[in-house]
Amino acid sequence: ASGADSTVGGGNGNTASKEFATVGGGNVNTASGNRATVGGGALNEATALYATVGGGGFNDATGDRSVVSGGYNNLASGPRATVGGGYLNTASGFAAMVPGGGANVALGNYSWAGGRQARAWQKGAFVWADATGTNFPSTAANQFNVRASGGTRIFTNAAATVGVRLLPGSNAWSIASDQALKEDFHPVDKQQVLANLQQLNIQNWKLKEEA
């Protein structure tokens, strides 16, 4: 503990080399930023002002006021960036966040990347990727991106019986349409329905680029 008012609580091979730096314990951890903290774990580094690594292994918090809570081989290099855990995650934008998962990158300022191999490249991009195992990148700033190859469900009641579904491989929402979910049925005048349909302007069309 070589910094002014620095502390090493225990463990082995730990270093607190800046003012008010702290290493709680663990093995070969380094707190080399002013007021930086490494709680424990192994081979973790907090190298910037107020940077924090909670634990885990091979984690680095190199941005001012950045945080890596734990996990393995994670990096929070942007100022005020956060990695919650997981492995091989990087939060390099200003106030960017990776909550966990694996191999995610939050590069844009204020971006968010979670799941597996999510890539939030632009400012304000939100990217959630399923476990497919291929990169899923954002393409524009302030964009909301979700890859859910098993489908998507959104419900609007507490029992999760009313809402919409995007089935796997589909490009259109379907409504939860079980008859057991409905009430107040009334007969319909079929002739009136046909008469109304006849008034509609219905046309065939094609995109200009199509054959």
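Here are three short exercises on a predicted model, each with a worked solution. Local features need pLDDT of at least 70 and side-chain atom pairs count only at pLDDT 80 or more, while totals for chains, interfaces and linings use all residues. Residues are numbered from 1 along each chain as its sequence is written, and side-chain values use heavy atoms, leaving out hydrogens and water.

**Exercise 1.** Work out the strand order of the parallel open sheet, then look at how β12 pairs with β14.

*Solution.* Start with the order: 9 strands run β2-β4-β6-β8-β10-β12-β14-β16-β18. Next, the edges are β2 (15–16) and β18 (136–137), each pairing on one side only. Strands here are DSSP runs of E, at least two residues, numbered from the N terminus, and two of them pair if DSSP finds at least two bridges between them. Now zoom in: β12 (residues 90–91) and β14 (residues 105–106) share 2 parallel bridges. Thr 90 sits opposite Val 105 in β14.

**Exercise 2.** Do the same for the antiparallel open sheet.

*Solution.* This one has 3 strands, in the order β20-β21-β22. Its edge strands are β20 (152–155) and β22 (174–175), each with pairing on one side only. Then take β21 (residues 163–166), which pairs with β22 over 2 antiparallel bridges. Arg 165 has Ser 174 in β22 as its bridge partner.

**Exercise 3.** Place Val 28 and decide whether Val 28 is buried, partly exposed or exposed.

*Solution.* First, Val 28 lies in the loop between β3 (22–23) and β4 (30–31). Second, its relative accessible area is 37%, so Val 28 is partly exposed (buried means under 20%, exposed over 50%, partly exposed in between, with a 1.4 Å probe and protein chains only).

Conventions
Helices (H or I, at least four residues) and strands (E, at least two) are DSSP runs, numbered from the N terminus.
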